[in-house]
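Visitor: Please give me a close look at the salt bridges here, and tell me about their surroundings too.

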Amino acid sequence: MRGKTIRQFLIDGQADGRWASELSNWTGKAYKIPRTYINQCMDRDDLSNTGVYFLFGRNDETDEEQVYIGEAENIFNRLKQHLSEKISGQSV
């Protein structure tokens with residue numbers, strides 16, 4: 001198997017902030033965006049594209065770790081919607 005290169009870019013210059021990642025010979029990108037940084041992503045035009053996203057958290061009833069996998073035509077708008085639902089107490 002041939003090796004691949006992953007290029008990591010720390011958007012905020014901090015390991016605990018936002019990350020953009022690219023895999024060699026792949027047209028997609030992967031981002032790690034902490035919930036507290038979502039509103040700082042308005043300037044990221046690439047997040048208005050179609051994509052798949054993962055939301056990591058804990059189940060409110062069992063306190064077990066869980067992940068929600070979704071897809072959206074506009075990732076940024078969908079993440080903001082999830083954030084507003086979380087704040088208002090609605091489940092996703």
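Guide: Let's start with Asp46, which pairs with Arg44 in a salt bridge whose closest N and O atoms are 3.3 Å apart. The term salt bridge is used for a side-chain nitrogen of Lys or Arg within 4 Å of a carboxyl oxygen of Asp or Glu. This is a predicted model, in which local features need pLDDT of at least 70 and side-chain atom pairs count only at pLDDT 80 or more, while totals for chains, interfaces and linings use all residues. Residues are numbered from 1 along each chain as its sequence is written, and side-chain values use heavy atoms, with hydrogens and water left out.

Asp46 is partly exposed because its relative accessible area is 23%, and Arg44 is partly exposed at 22%. In these terms, buried means under 20% relative accessible area, exposed means over 50%, and partly exposed is in between (1.4 Å probe, protein chains only).

The structure holds four salt bridges in total. Another of them joins the side chains of Arg7 and Glu22, at 2.9 Å from N to O. This pair links distant parts of the chain, with Arg7 in strand 1 (residues 6–10) and Glu22 in strand 2, 15 residues apart. Strands are DSSP runs of E with at least two residues, numbered from the N terminus. Arg7 has 54% relative accessibility, so Arg7 counts as exposed; Glu22, with a relative accessible area of 32%, is partly exposed.

Beside this pair, have a look at Ser21, which lies in strand 2 (residues 19–23). Ser21 counts as buried because its relative accessibility is 13%. Leaving out residues up to four places away in sequence, Ser21 touches Arg7, Gln8, Lys29 and Ala30, where a contact means heavy atoms within 4.5 Å. Arg7 is thus both a contact of Ser21 and the salt-bridge partner of Glu22.

One more bridge is worth your time: Glu65 meets Arg58, with the closest N and O atoms 3.5 Å apart. Glu65 counts as exposed because its relative accessibility is 64%, whereas Arg58 is partly exposed with a relative accessible area of 44%.

Technical notes
Helix = DSSP H or I, 4+ residues; strand = E, 2+ residues; numbered from the N terminus.
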